[in-house]
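Q: I have a sequence and a model in front of me, and I would like to learn how to read them feature by feature. Where should we begin?

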Amino acid sequence: MSETKYTYEPFVWSDWMSTGVEVIDTQHQNLLNMVNDAYNSITETTSPMTFQRITKELLSYAIYHFQTEESLMKEYDYFGERSDDAAQHIKEHRDFSAKIVAVRKTFNSGDRDQIIPVLEFLKTWIANHTQKVDMKLGVFIQAKEAERSSSKSD
Ligand SMILES: [Fe+2]
């Protein structure tokens with residue numbers, strides 16, 4: 001029973017996840033690798049200390065990545081020009097962080113049953129978020145970049 005619970009299919013980054021913005025794509029690959037690593041290192045016997053270290057690193061990297069995207073949103077005035085998309089995007093970032101914070105608390109209280117579902121959630125979240133909201137942002141940034149370079153050459 002417990003063996004099946006820890007079975008994990010690593011999620012490999014591939015081109016369909018590309019937003020067309022290099023810094024975002026690189027960070028997405030790193031984030032995915034971190035989730036995969038977390039799966040590989042967390043077992044039934046993982047100590048609370050190890051679990052806290054792994055999830056803390058994951059959370060810090062996620063926050064760093066979200067800051068990168070959010071400063072790009074500011075730079076290209078995503079908030080002004082696509083306020084609904086921007087609000088949705090920010091909300092998803094906050095939900096992701098809150099989920100990691102919640103599972104770290106859960107683990108402290110001794111309940112390990114939530115770990116795998118949460119890691120599954122993170123994996124699925126990255127795929128969905130990348131495909132939907134990050135892709136929209138990528139298209140927007142690329143259009144802005146194109147505008148900038150055409151106005152330069154005018
Ligand atoms: Fe994002």
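**Reading the fold and the metal site**

A: Begin with the order of the secondary structure: read along the sequence, the protein chain follows the pattern α-α-α-α-α-α. The count agrees with that reading, with 6 helices and 0 strands, and it should be kept in mind throughout that this is a predicted model.

Q: Which dimensions does the box filled by the C-alpha atoms of the protein chain have?

A: Taken along the principal axes, the C-alpha atoms fill a box of roughly 65 × 25 × 20 Å. The protein chain has 154 residues, of which 44% are buried, and it exposes about 8600 Å², with carbon and sulfur atoms supplying 53% of that area.

Q: How many of the contacts between residues at least 6 apart in sequence join residues at least 24 apart?

A: Such a share tells you about contacts across the sequence, and in the protein chain it is 77%.

Q: Which residues are the protein donors of the iron ion?

A: To read a metal site, list the donor atoms first and then look at where they fall along the chain. Here the protein donors of the iron ion are E69 through OE, H89, H93 and H129 each through NE2, and D134 through OD, and they lie 1.9 to 2.3 Å from the ion. Along the chain these donors follow the spacing E-x19-H-x3-H-x35-H-x4-D. Because H89 lies in helix α5 (residues 83–108) and D134 in helix α6 (residues 115–153), this pair ties together parts that are 45 residues apart in sequence.

Q: Are H89 and D134 buried or exposed?

A: Burial is read from the relative accessible area, and residues under 20% count as buried. H89 has a value of 0% and is therefore buried, and D134 is likewise buried at 0%.

Q: Why look for nonpolar cores, and which residues touch the most other members of the largest one?

A: The general idea is that in soluble globular proteins, nonpolar side chains tend to be buried together. In this model the largest nonpolar core has 28 residues, and those that touch the most other members are I42, F96, I115, L119, L122 and I126. At least two residues of this core come from each of α2 (22–41), α3 (48–75), α5 and α6, and α6 supplies the largest share, 8 residues. There is also a second, separate core of 11 residues, which includes Y76, Y78, I90 and I141.

Q: Which residues are in contact with I141, leaving aside its neighbours within four places in sequence?

A: To place a core residue, ask where it sits, how covered it is, and what it touches. I141 lies in helix α6 and counts as buried at 3% relative accessibility. With those sequence neighbours left aside, I141 is in contact with V21, L72 and Y76, and Y76 is also included in the second core. The C-alpha atom of I141 is separated by 9.5 Å from that of T19, although the two residues are 122 apart along the chain.

Q: Where is E44 found, and how many residues separate E44 from D113 in sequence?

A: The same comparison of sequence and space can be applied to a loop residue. E44 is found in the loop between α2 and α3 and is partly exposed, with a relative accessible area of 43%. E44 and D113 are 69 residues apart in sequence, while their C-alpha atoms are 9.9 Å apart in space.

Q: What is the phi of D77?

A: Backbone angles are read residue by residue, alongside the local setting. D77 has a positive phi of about 55° although it is not a glycine. The place of D77 is in the loop between α3 and α4 (78–81), where it is partly exposed, with a relative accessible area of 38%.

Q: How far apart are the mean positions of the positive and negative charges of the protein chain?

A: Here one compares two averages taken over the whole chain: the mean positions of the 17 positive and 24 negative charges are 6 Å apart.

Methods:
Residues numbered from 1 in each chain as written. Predicted model: local features only at pLDDT ≥ 70, side-chain atom pairs only at ≥ 80, totals over all residues. Heavy atoms only, no water. Donors = N, O, S within 2.8 Å, 3.2 Å for Na, K, Ca; no water. Helix = DSSP H or I, 4+ residues; strand = E, 2+ residues; numbered from the N terminus. Buried < 20%, exposed > 50% of the residue type's maximum accessible area, 1.4 Å probe, protein only. Core = buried A, V, L, I, M, F, W, Y, C linked by side-chain atoms within 4.5 Å. Contact = heavy atoms within 4.5 Å. Areas by Shrake-Rupley, 256 points an atom, 1.4 Å probe, with all protein chains shown as cover. Lys, Arg positive; Asp, Glu negative; His and termini not counted. Charge placed at Lys NZ, Arg CZ, Asp CG, Glu CD.
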